[in-house]
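Work through the two exercises below with the structure in view. Try each task before reading its solution.

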Amino acid sequence: MADFMSEVARLDEETLKQIDRIQKEVAESCEFIGDQEDIDILTKQYLQDDEVYQAKISDLKRKYKKLRRTRGDGNCFFRAFGYAYLEKQLEEKTDLDRFKSAVIQCRSSLLSMGYPSFTLEDFHDTFIDIVESVNKASTSSAELLQTFRDQGLSDYCVCYLRIITSGYLQSNAEFYSSFMDGYSTIKEYCSTEVEPMYKEADHIHISALTSALGVSVGVVYMDRGEGLEVNEHVFPEGSDPMIHLLYRPGHYDILYK
Amino acid sequence: MASLHITRVKREFREVVSSEEAQKSQIKIEIIDESDLTKLKGTVIGPPDTPFEGGTYILDIRIPDTYPFNPPKVKFVTKIWHPNISSVTGAICLDILKDQWAAAMTLRTVLLSIQALLQAAEPDDPQDAVVAKQYKGDPELYRKTAKHWAQTYAGAPKTTDDAEISAKIDTLLQMGITETKAREALSTHSWNLEAAVDSLFT
């Protein structure tokens, strides 16, 4: 028995080490937020005779000019959302005050739900510091990029956006509960699929986060689905998108017109 | 932000020390080496009305450099007989230490969750299959065994007479088996001396 148990422990350890190695490989191959690139680079990522994807990429090129890749670590939606919005506001500075009050509103609501103020304030302060830096004329786009490439700061943003998403889902449990396949409660869904890092975002996450912060996002879907054009879906429905993301199965990147 | 995890551990350390539970001596965190805050020693007191009541359980806590985005690695140093904790390695099966960890949680959350686990085992999600089987199949024997382990290893007050148990362990000691091995074999085989002997000598 003892030998068996230590064998299990050893295998567990091996698995963890392997996960570590894979994560390192992913990290080395792509920054959290990449540089702006031409959409053409996608053409080379797929086989020339892959008609569906090549047709969809051509269609994408008609609608968008540039692309910024994000690291595929399961946090890509949250990171892309945070960066793309703040980058846009770095130029425009039109929505930041509203955004800031929405974030503050989310914090109050999370505190009233019983989230520990100890960790919550930590995330909140870090995030607000970044938002405020975007509001300053002296902050450059290179600095914002640097912030989102810094593991600690970048992950703090992701974490806070995850908790905000979770809080919104829980406050709107009645509406969202019908979408939770396989989970008995919203709370259970949130603690398994939303709050932990590296868990991929789904429609539910996107819907909740965009509603919670009042930031409209257009998601352009490029998959093996029907047709030779890419389809854009806007969250919340009917709004005017402030930022655009490209979705390919399991991954989100940032798009620019 | 080079050592985010260390800054955070320092703050969490203060949080635990000033917490209500620490005041009541229910949980504790200690720094082992001031120069290395990634290795901590945790303590959880066995909750009342459980076989672990009054026992002092020492935990080994390791802070990964990706903390708080990944959970701390925690295992029992003190031996314990519990369905969700390996009786051999001390490994813990607890959702928040695995896929339900969130960065909003803290070391205090972890210690309190472990204490809650001692209060309410989850035999359907076992770490130690043998203990879980006993917990479900013979709850009385499970309680007796868990209590014996708590008294032996965790310094829980001796409230039961373990004469029969001690006699069986002594028998195995005389056969040249170490006390730990003897206790493990007997516990695993429902204190059936013959079955324990068989398992040790085959």
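## Exercise 1: the interface

Start with salt bridges. In this predicted model, the rule finds one salt bridge across the interface of chain A and chain B.

**Task.** Find the residues that form this salt bridge, then describe the side of chain A that touches chain B.

**Solution.**
1. The partners are A:Asp122 and B:Arg11. Their closest N and O atoms are 2.9 Å apart.
2. Four elements of chain A give two or more residues to the side that touches chain B: helix 1 (2-29), helix 6 (117-135), helix 8 (151-171) and helix 10 (186-194).
3. Helix 8 of chain A gives the most, with six residues.
4. Sort that side of chain A by residue type: 14 are nonpolar, four polar and five charged.
5. Now take both chains. Chain A brings 23 residues to the contact and chain B brings 22 residues. Together they bury about 2100 Å², 67% of it on carbon and sulfur atoms.

## Exercise 2: the annotated site

An unreviewed UniProt entry lists A:Asp73, A:Cys76 and A:His251 under "active site".

**Task.** Are A:Asp73 and A:His251 buried or exposed?

**Solution.**
1. Place A:Asp73: it sits in the loop between strand 2 (66-70) and helix 4 (76-92) of chain A.
2. Check its relative accessible area, 17%. Buried means under 20%, so A:Asp73 is buried.
3. Place A:His251: it lies in strand 6 (residues 251-256) of chain A.
4. Its relative accessibility is 16%, so A:His251 is buried too.
5. Look at contacts beyond four places in sequence. A:Asp73 meets A:Phe32, A:Arg79 and A:Tyr198. A:His251 touches several residues, including A:Cys76.

How values were computed
Residues numbered from 1 in each chain as written. Chains lettered and ligands numbered in written order. Predicted model: local features only at pLDDT ≥ 70, side-chain atom pairs only at ≥ 80, totals over all residues. Heavy atoms only, no water. Contact = heavy atoms within 4.5 Å. Buried area = accessible area lost by both parts, 1.4 Å probe. Salt bridge = Lys/Arg side-chain N within 4 Å of Asp/Glu carboxyl O. Nonpolar A, V, L, I, M, F, W, Y, C, P; charged D, E, K, R; others polar. UniProt positions renumbered as here; feature names shortened; annotations may be inferred. Buried < 20%, exposed > 50% of the residue type's maximum accessible area, 1.4 Å probe, protein only.
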